[in-house]
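Trainee: I would like a close look at one part of this structure, the metal site, and then an account of how other parts of the chain are held in relation to one another. Please set this out as one connected answer.

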Amino acid sequence: MERLLIRRPWDMHVHFRQGEVLDGLVRETARYCAGALVMPNTSPPILTYEDALEYEFRIKNVANRAGYQHFKPLMALKLAQNTSEQTIWRAASSINSIVKAVKLYPRGVTTNTSDGVSAPLEKNLQKVYAAMQEVGMVLSIHCEDPNADVFAAEEQYLPVVGLLTHLFPDLRIVLEHVSTRAAVEFVQQSGPNVAATITAHHMRFNRNHLLKDGLRPHLYCKPILKTENDRQAVHAAAVSGNPTFFLGSDSAPHPKNAKETSCCAAGVFTAPILIPLLAESFEDARMLDRLEGFASIYGPQFYGIVPRQSAALLTLVRETEQIPHPRSSEAAVLPLAGESLRWRIQY
Ligand code: DOR
Ligand code: ZN
């Protein structure tokens, strides 16, 4: 049997939500990840250090109770139009602050972002970016113009990011879930302070998968899946070995009834099948040896996380496994449910 050993992955963009679903979602990711950057677009949102501290405590608790003491949640604050620089100083003040990033969601661009940012270059926010630059906090950006055509939205927001890189040259920036050739090229042409996360679904699917043979709500996400040409650029960046491209799954579960309805919520739930999905994509490119860098090394490296000496390994075995259907009518549905994957994690 073919085996592949990699250091435990870091998922640098994941949604754990709040309330009843939190426990299951944390366990799902902590099972195979060394750590993860947890997104703040919860309800209520994570706006301050205190919010992040409480959220982190709950996440750690769940992971510990489940026997995943190794799991390290990294926290992100959600940027609001009126966020002040004091928020950054406060979040950075503790030794080993748990807050590693601040997330910029353009207002209204996706799930729970009606309180997002409408004027990203306003004076108070420039002070926020300056403080982040000084303390070494990462600006994580959902790079889409909420007023643009959905297929052009990512490309149309790139000039805003360009301006930020110009005004704050030492600020570390992550373009989240890049979905276009334009965004990939933007990152390639930027300095080492600008990186991108890539999801398993943007590596694998294009907009025909979403729309061609019937509309597939479980592949509907923001940014929306793009052309085959864009997918190829994203896939190539992920397998390239360039350390400014790393894993951020954007695993974003919604209950089945919020996806299979007349107005479907945006989000693809990949956490339970993430690593096997990625293994297939890397194997298709004959680049399996680069999976570990992408999934386990470049992300924490960009965020300045020092790896533990005895980083545990994850074993993948080349064995066909069927993707399960959800266990209840409320549970989130996995993309490709009922189909098979060629790899599975051996626990
Ligand atoms: O598809 C998405 N779902 N994209 C996002 O940016 C947010 C996420 C969510 O929270 O549901
Ligand atoms: Zn997300």
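Mentor: The answer below begins with the metal site and then turns to the pocket, the salt bridges and the cysteines.

The model is predicted. The zinc ion (ligand 2) has three protein donor residues named in the model, H13 through NE2, H15 through NE2 and D250 through OD, at 2.0 to 2.1 Å from the ion. Along the sequence these donors follow the spacing H-x1-H-x234-D. H13 belongs to strand 2 (residues 10-14), while D250 sits in the loop between strand 9 (245-247) and helix 10 (256-259), and the two residues are 237 residues apart, so that distant parts of the chain are linked by this pair. H13 is classed as buried because its relative accessibility is 1%, under the 20% limit. D250 is likewise classed as buried, because its relative accessibility of 7% is also under 20%.

A second feature is the largest pocket, which holds about 1,000 Å³ of space. Its lining consists of 33 residues, and those nearest the centre of the pocket are E28, F269, P272, R327 and A332. Helix 1 (22-30), strand 11 (321-322) and strand 13 (344-346) each contribute at least two residues to this lining. Helix 1 gives the largest share, with four residues. By residue class, the lining of the largest pocket comprises 19 nonpolar, five polar and nine charged residues.

The salt bridges come next, and the count for the model is 12. One of them joins R7 to E292, with 3.3 Å between the closest N and O atoms. R7 is in strand 1 (residues 3-7) and E292 in helix 12 (residues 291-302), so this pair links distant parts of the chain, 285 residues apart. R7 counts as partly exposed because its relative accessibility, 38%, falls between the limits of 20% and 50%.

Another salt bridge is formed by the side chains of R318 and E283, at 2.8 Å from N to O. R318 lies in the loop between strand 10 (313-317) and strand 11, and E283 lies in helix 11 (residues 274-284), so the pair ties together parts 35 residues apart in sequence. The two partners fall into separate accessibility classes: R318 is partly exposed at 33%, whereas E283 is buried at 18%. Both residues also belong to a network of salt bridges that links E2, E283, D284, R318 and R342.

The side chains of E260 and K256 meet in a further salt bridge, at 3.2 Å from N to O. Here E260 is partly exposed, with 41% relative accessibility, and K256 is partly exposed as well, with a relative accessible area of 27%.

Disulfides, by contrast, number zero. C221 takes part in none, and the nearest cysteine sulfur, that of C264, is 9.8 Å away. C221 is buried, at 1% relative accessibility. For C263, the closest cysteine sulfur is again in C264, and the 7.7 Å between the two sulfurs is too far for a bond, because a disulfide requires them to be within 2.5 Å. C263 is exposed, since its relative accessible area of 66% is over 50%.

Key: Residues are numbered from 1 along each chain as its sequence is written. Chains are lettered from A and ligands numbered from 1 in the order in which they are written. This is a predicted model: local features need pLDDT of at least 70, side-chain atom pairs count only at pLDDT 80 or more; totals for chains, interfaces and linings use all residues. Side-chain values use heavy atoms; hydrogens and water are left out. Donors are N, O and S atoms within 2.8 Å of the metal (3.2 Å for Na, K and Ca); water is not among the atoms, so sites may look incomplete. Buried means under 20% relative accessible area, exposed over 50%, partly exposed in between (1.4 Å probe, protein chains only). On a 1 Å grid over the protein atoms alone, a cavity is a set of points where a 1.4 Å probe fits but cannot get out, and a pocket is an open set with protein on both sides within 12 Å along at least five of seven lines; lining residues have an atom within 4 Å of a point. Grid points are joined across faces, edges and corners, and a volume is the space filled by probe spheres set on the points. Ala, Val, Leu, Ile, Met, Phe, Trp, Tyr, Cys and Pro count as nonpolar, Asp, Glu, Lys and Arg as charged, and the others, Gly among them, as polar. A salt bridge is a side-chain nitrogen of Lys or Arg within 4 Å of a carboxyl oxygen of Asp or Glu.
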